[in-house]
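Welcome, and thanks for opening the viewer. Let's take a short walk through this model, one selection after another.

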Amino acid sequence: MKITGLNQDIIWKNKTENFQLIEKQLQNQEADLFLLPEMFSTGFCMDAAEVSDKNEESLEFLKKISKEKNATFSGSASIKVDNQFFNRMYFVKPDSEVTFYDKRHLFSFSGEDKIYTPGKARVIVEYLGIRFLLQVCYDLRFPVFARNNDDYDAVLYVANCEKRVGAWEHLLKARAIENLSYVFGLNRIGTDGNDLFYQESSHCFFADGKEISQKNENLVSAELNLEELKDFRNHFSF
C-alpha cells in the first residue's frame, strides 16, 4: 500500500483556498491513501466558533476528492456538533464510507482543552487489509493510549507541531518500535495566523525504527508491506 502525505502550508482560516491548494498539489499524484495535516482546512485555530464546520464542509471535500482520485483520504478538521467543538480526524474511503476519531488528548498549552471537547475512544479502521490506529498530534505524548493490543498494523498521526519537532520525531520512532508497527506522522509546514513557523518534519517508520519515507518537494510517501511486517513480528515477537 502506498501512503502519500501532503506537507501542507495551511492557509489561515480559509477553507476554500485550502481545498483548492490540496487539489492542485495532489493533481498528478497517485496513492492508495492520502494524508492531510491536523485542521487541514483552517489551520490549528482556537477561534472554533468562527472556523468550525457547521455543515460538514471539510468532510464533503474529502468525499469529493476521494471519489475523484479513487483513494482514501484522512486528516482532521474543526467540527461543531450541537453545542460542542471537536478536533475530528476523518478517514474517508472512495465509496464515501466514513470513519472518524475525535482527538482524545487536547493541547492545554494552546488552550485547546478549554474550547474543544475530548474524544472518548480509540478508533481503528481497516483498509486494503491493513488496520490503522487514528491519532492526532498531542496524542503522541501518551504511549499507553496507543499501545498495540495486537489490534492494529499502522498508526497515523496528523499534526500541527511547531517548536517541539525534535520530540515529535523521536516519539514517532519510539511508537513504531514499542508497538512493532508502521508509524506515519504528518506535520504541516509554513507559518500560521499566529506567526508560528512549522518546519518540514513528516516521517514514516518501520517497526524496527527505520525511516522508510521518501520526500519530494511538499510530499512524503511510503510503501506499507503487511507481509514484511508480519515476518518481522514473528521473528521478533516482543
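Begin with two helices: H1 passes H3 in a right-handed crossing, a crossing being right-handed if the near helix is turned clockwise from the far one by less than a right angle, and left-handed if anticlockwise. Helices (H or I, at least four residues) and strands (E, at least two) are DSSP runs, numbered from the N terminus. To see who makes the contact (heavy atoms within 4.5 Å), show the side chains of Lys15, Phe19, Ile22 and Glu23 on H1, and of Glu57, Ser58, Phe61, Lys64, Ile65 and Glu68 on H3.

A word on the ground rules: this is a predicted model, in which local features need pLDDT of at least 70, side-chain atom pairs count only at pLDDT 80 or more, and totals for chains, interfaces and linings use all residues. Residues are numbered from 1 along each chain as its sequence is written, and side-chain values use heavy atoms, with hydrogens and water left out.

Next, select Glu38, in the loop between strand E2 (33-35) and helix H2 (48-51). Is Glu38 buried or exposed? Glu38 counts as buried because its relative accessibility is 0%; buried means under 20% relative accessible area, exposed over 50%, and partly exposed in between (1.4 Å probe, protein chains only). Its side chain makes a polar contact with the side chain of Asn87 at 2.8 Å. A polar contact is a pair of N or O atoms within 3.5 Å; within protein, one must be able to donate a hydrogen and the other to accept it, and residues adjacent in sequence count only if both atoms are side-chain atoms. Now add Gly75: Glu38 and Gly75 are 37 residues apart in sequence, yet 6.0 Å apart in space, C-alpha to C-alpha.

From Glu38, move on to Asn160, which sits in the loop between strand E8 (154-159) and helix H5 (165-179). The side chain of Asn160 reaches the backbone oxygen of Glu38 at 2.9 Å and the backbone nitrogen of Phe44 at 3.4 Å. With 7% relative accessibility, Asn160 counts as buried. Leaving aside neighbours within four places in sequence, its contacts include Ile10, Tyr198 and Cys137.

Finish with the cysteines. How many disulfides are there (pairs of cysteine sulfur atoms within 2.5 Å)? The count comes to 0. Cys137 is in no disulfide, the nearest cysteine sulfur being that of Cys161, 5.4 Å away. Last, select Cys204: its sulfur is 17 Å from the closest cysteine sulfur, in Cys161, and therefore too far for a bond. Cys204 is buried, at 0% relative accessible area.

Methods:
Disulfide = S-S within 2.5 Å.
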